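Trainee: I would like to take a close look at a single part of this model. Please treat it in one connected account, with the terms made explicit.

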Amino acid sequence: LAPTDASGYRILGEINLRRSLPREAVDNLNKALSLAPNSTRAYLDLARAYDMLDDEPKVVETYRRLLRIENSPYERVKGAPELIDTSFAEAHVYLGRFALRKGDRKAAAEHFRAAVERLERWQAGKQMLAVARISGMISRDEEERLRLLLAEARKCLARFR
C-alpha cells in the first residue's frame, strides 16, 4: 500500500525473522534501508537475519554499518536525546566478541566499553524507561535481555582491567 514507506518493509522483515524466514527478512530489510538509511532497528534486524543464515561476514559488515550512525550528526541531533538507542550496544557486544576471536584485544575492549556505557545510560534513564514500558516501546522480556547484555559486556570488559 505504501511502497516508499520504509517502516512497512522493516516490519515485514521483523515478521520474517519471527517466522524463521531470514532470506525474506534480508530482502525486506534491505528495501527498508534503501528508503531509510539511518534505521538502526532495520540494521539490527538485518544483522540478526544474516546471523540466522550463518553469514558472519555479512553480520560483521551490517553491525559496522550500524555503528557508523552512532557518531553521525543524525544520531547526535535527534528529537529526544534522552531516548537511548540500544541497537548500538548490541552491535558493540557482537563486534567485541568478534574482535576477541580474531585476537584483537584493543578493539574488543573498546567495543565492550562502548556497550557498557550505552547500556548504563539506558538503565539510568528510569523515567524514559517507565515511559517506554507504558507506551509499549519495550517489553519486560526485552528489558531483561538488555540487562543480560549489559552483564555480559561488563564481564567481558573486566577481562581487560
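Which residues of α6 are buried?

Mentor: The model is predicted, so local features need pLDDT of at least 70 and side-chain atom pairs count only at pLDDT 80 or more, while totals for chains, interfaces and linings use all residues. Residues are numbered from 1 along each chain as its sequence is written, and side-chain values use heavy atoms, with hydrogens and water left out.

The buried residues of α6 are S87, F88, A89, E90, A91, H92, V93, Y94, L95, G96, F98 and A99; buried means under 20% relative accessible area and exposed over 50%, with partly exposed in between (1.4 Å probe, protein chains only). Helices are DSSP runs of H or I with at least four residues, numbered from the N terminus. Because twelve of its 15 residues are buried, α6 is largely enclosed by the rest of the structure.

The length of α6 can be checked as well. The expected span is 1.5 Å times one less than the number of residues; for the 15 residues of α6 this gives 21 Å, and its end C-alpha atoms are 22 Å apart, which agrees. After α6 comes G103, with a positive phi near 85 degrees.

Two buried residues of α6, Y94 and L95, also belong to the largest nonpolar core. Such a core is a set of buried Ala, Val, Leu, Ile, Met, Phe, Trp, Tyr and Cys residues joined through side-chain atoms within 4.5 Å. Of its 26 residues, L46, V59, Y63, L66, Y94 and L95 touch the most other members. The elements giving two or more residues to this core are α1, α2 (22-35), α3, α4 and α6, and α3 gives the most, with seven.

S87, another buried residue of α6, leads to the largest pocket: I84, D85, T86, S87 and M137 lie nearest its centre, among 31 lining residues. Elements giving two or more residues to this lining include α6 (87-101), α3 (40-52) and α7 (105-124). A pocket is an open set of points on a 1 Å grid over the protein atoms alone where a 1.4 Å probe fits, with protein on both sides within 12 Å along at least five of seven lines; lining residues have an atom within 4 Å of a point. By class, the lining has eleven nonpolar, eight polar and twelve charged residues, where Asp, Glu, Lys and Arg count as charged, Ala, Val, Leu, Ile, Met, Phe, Trp, Tyr, Cys and Pro as nonpolar, and the others, Gly among them, as polar.
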